[in-house]
There are 2 protein chains.
Amino acid sequence: MENVYEKSIELHALHGGKLEIKSKVPLTTREDLSLAYTPGIGAVSEAVSQDPDRLWELSIKKNTVAIISDGSAVLGLGNLGPAGAIPVLEGKAILFKEFGGVDAFPIALATQDTDEIIRTIKAIAPVFGGINLEDISAPRCFEIERQLRAELPIPIMHDDQHGTAVVVLAALLNALKLRGLGKEAKIVMNGAGAAGTAIAHILLGYGFKDLVVCDSQGAIYDGRPGLTGDKFELARMSNPGKVRGLLSDVLAGAHVFVGVSKAGLLTADMIRSMSERPIVFALANPVPEIMPDEAKAAGVFIIATGRSDFPNQINNVLAFPGIFRGALDNRIGQFKPEMFVRAAETLANYVLDPSPEQLLPDPLDRGVGPAVAKVIC
Amino acid sequence: MENVYEKSIELHALHGGKLEIKSKVPLTTREDLSLAYTPGIGAVSEAVSQDPDRLWELSIKKNTVAIISDGSAVLGLGNLGPAGAIPVLEGKAILFKEFGGVDAFPIALATQDTDEIIRTIKAIAPVFGGINLEDISAPRCFEIERQLRAELPIPIMHDDQHGTAVVVLAALLNALKLRGLGKEAKIVMNGAGAAGTAIAHILLGYGFKDLVVCDSQGAIYDGRPGLTGDKFELARMSNPGKVRGLLSDVLAGAHVFVGVSKAGLLTADMIRSMSERPIVFALANPVPEIMPDEAKAAGVFIIATGRSDFPNQINNVLAFPGIFRGALDNRIGQFKPEMFVRAAETLANYVLDPSPEQLLPDPLDRGVGPAVAKVIC
C-alpha cells in the first residue's frame, strides 16, 4: 500500500492535478472568434436569457455536473476541510468523464455551515445540469440534499449515500441469489451515517423486512431514547422485532452483515454466531471491519470490501457515472428511490455469471455506465 | 451581422456548449484507478489537508481560474441574468485556454446581491488559483472586487474594468505616438461605469493629467453635487481644471475621445470641435458612439471600436489570457495597478510597426499571451 500512496503523489505532482478544460469549437480564424465570442455570442445570450430552458440546448448545462464537498468526511479520513476534498473531487471528475461521458467540475466549499452550503450551491447552480454532493458528513448531508432537491430544478445526489447504496444492493442481490436466499434474509448493518442510512432505505424500499441497523450504542429500535431526525425515522422503518442489544448480540443468526463503520469491528467469533455460510460486506475504508482472509477462515460464504486489492470491491464508480449520464440524457427533474433500485438491479444483472468472487461488474468495463444510464428515467 | 448571430446559435446547438472537461491522467488499468482515485488519493488528500499550499503542486489550482458573473451587465445587452451570462462565460473560458493555456470554468450566479455574491465566491474559492469577474454592473463591481481582493489569497480581476483598461491604454500609447503626442494629451472620456472608471484610473496612474470624464450629466468635477463612492473619488483625481458642461462642451479642443457609453453619442460636429486630427475610441458595443466611416469623414486621424469587423478592435482577449497566465505562473498574491500598466506597454510594444489602422496585435497571435504573462509579476 505504501507504494500506491507515493506513486499517487508523484502522479499528481507530475500533471498538476488531474483534469483540464478543452474547447469543443475551433478558434483559428476571426470568424471562429466572432461565432464563439463577440459579436455572435450576443444572440445566444439573448436567446437563453429569454428562455433559460434553452441552456439545455445551447450551453454546457446538458452535460455538466458539479461535484461539491465541504471536506467534512473525506473518504475514511474524516474532516480534512476543503483542501483535502479537492484531490477526491478531481478524481471523481475524471471518472465521470471516462465512464459516463459527463463533464464534471470539482467545487470545494470553504464553509461547513449547512445553511451557507445550501445558499452557496443554489447561487452557483445555473450552469450545472446536476449536482453530485460528495464527502459531506451526516447528519448535515441529509438536510443539505433534502433542501437542495426541494429548491433546485436539477437532479441532486449525495454519492456517499445513494451511489454506495446502489452498489451495495446490487452486490447483495447477487450474493443472496448465490446463497439461495430472498427478501426473507436477515440483515444486520453496522453504521448509521450517510452510507448506512441510504443503504437502509434502499434495502427497505426494495422489500427486505428483517433489517436491524446498529450505531455505536447498538441496535436502533423504535422507542430507543434520544433518537432524533433521520435515526428516529430509521428506527420506525426498520427492526420490526424491536431487537435490542450490541452488534455482537443482534448479529446472532443473521444471514448478512453490512459494515459501513470502522476497521476491525467484526470478529471471527461474531461471524461464527451468524447463520451458516453468511454474507459479509465489510466496507470500512481503507481498513475493513474484518480482513477477507480472517472472515473466510471464520466460515463466510461471500466477503466484499471497499478495496481494489480484494475481490468484490463495492466501488461507487459502478454507479455515479451512469446515474448522472441517465439523469442528463433523460432530463429527469429529480432522483427518485425507484431509479436507484433499477440502477442496482441493472448492475446485478450485468454480471452474467455471478460467483462468490464476482458479485459486480468490472469497474473498468465501459458498458456499465450506459447500461445504468438507461434506467435513470 | 444577421448571419453571424444565426451561425453562432447553430454552432452552440451543434456542440451543446463550447467546453468540456478532460482527464490529464490515464484511466485504463486498475492501477490507474488506484492512483487517480482510491486508495492512492488518500495520501494526496492528507498531504494537501495538512498543507493547503500544496494544492498549488498537487491539484488543478495552479492552472485553474473561475470566470464568474451575475449577468447584470452582459456585453452591451444589459441585465440578462445568470442564464444570459453563460454563453459569454463559456466563450471566455475557451479563449483563456486557447490564448493563455489557462483552464477556466464558467460560474453564473443566481443572485445579484453584493454581499451574497462576495460570500458565494469566497465559499467556492479553494479550488481556484484566480478569479475573473465578468459582466457585473457598476457600482457593485467595484465593491465586490475590492472586498474579494481584501479577503481572498488569490488574484481577482473584474475584466470589464481592467482587461478593457489595459487594451485601451495599449492602443492609446500607439495612437499618441503616431500623432506625436505624449502625456500632455487632452483626453475626454464618456462613460463612468465599470470600464470607464478603470480606464480613468489606468490613464491617471500612467501619468496623463488632462483627463475629463463625463457621465450622463456631463463632466465629472470635484465639487459636483451628488457625487458618491467611486465617482466622488474620480472627481478628485481627474479634471484638474474643474471643467463643467456637457460632453459636447468639454470635448472642444480635445486630442482624444474615449467612449464607453452608448451608440451614436458622438456626432461629426463634435469631432470637428476637437483638436486637429483627433483620436477617437468609440467602444460602445455592438454599435459604437460613431461609425468609423462617419468619424473619418469628420476628420479623425485614428478610430478604434470594439468590433471585429473594423480595424483597431479593442478586444479584451489581448489581455486577460496573458494576465492570468502570468498571475498563476508567477504566483502573485494580488493584482496591482502597475502590472496592468506593464501589460498595456507590452501590448503596445508588441506591434513592431504601428499604423493608424493597426494599433494593436492581432487577437489570434499566439505570442501575445505569453508576452503579457511575463510582466504580471
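In the predicted model, B:Tyr37 lies in the loop that runs between helix 2 (30-36) and helix 3 (41-50) of chain B. The relative accessibility of B:Tyr37 is 8%, and the residue therefore counts as buried, the limit for that class being under 20%. When residues up to four places away in sequence are left aside, B:Tyr37 touches A:Val88, A:Gly91, A:Lys92, A:Leu95 and A:Glu134. B:Phe257, by contrast, is separated from B:Tyr37 by 220 residues in sequence and, from C-alpha to C-alpha, by 57 Å in space.

The two chains also meet through helix 6 (residues 114-124) of chain A and helix 6 (residues 114-124) of chain B, which pack at an angle of about 100° with their axes 10 Å apart. Because angles of 65 to 115 degrees are classed as roughly perpendicular, helix 6 of chain A is placed in that class relative to helix 6 of chain B. On the side of chain A, the contact is formed by A:Glu116, A:Arg119, A:Thr120, A:Ala123 and A:Ile124, which meet B:Glu116, B:Arg119, B:Thr120, B:Ala123 and B:Ile124 of chain B. Sorted by class, the residues of this helix contact comprise 4 nonpolar, 2 polar and 4 charged.

With regard to the cysteines, a search of the whole structure, covering all chains, finds 0 disulfides. A:Cys214 is accordingly in no disulfide, and the nearest cysteine sulfur, which belongs to A:Cys141, is 19 Å away, whereas a disulfide would require a pair of cysteine sulfur atoms within 2.5 Å. A:Cys214 has a relative accessible area of 0% and is therefore buried.

Technical notes:
Residues numbered from 1 in each chain as written. Chains lettered and ligands numbered in written order. Predicted model: local features only at pLDDT ≥ 70, side-chain atom pairs only at ≥ 80, totals over all residues. Heavy atoms only, no water. Axes fitted to C-alpha atoms, helices over the stretch in contact; angles between N-to-C directions. Helix = DSSP H or I, 4+ residues; strand = E, 2+ residues; numbered from the N terminus. Parallel < 35°, antiparallel > 145°, perpendicular 65-115°, else oblique. Contact = heavy atoms within 4.5 Å. Nonpolar A, V, L, I, M, F, W, Y, C, P; charged D, E, K, R; others polar. Buried < 20%, exposed > 50% of the residue type's maximum accessible area, 1.4 Å probe, protein only.
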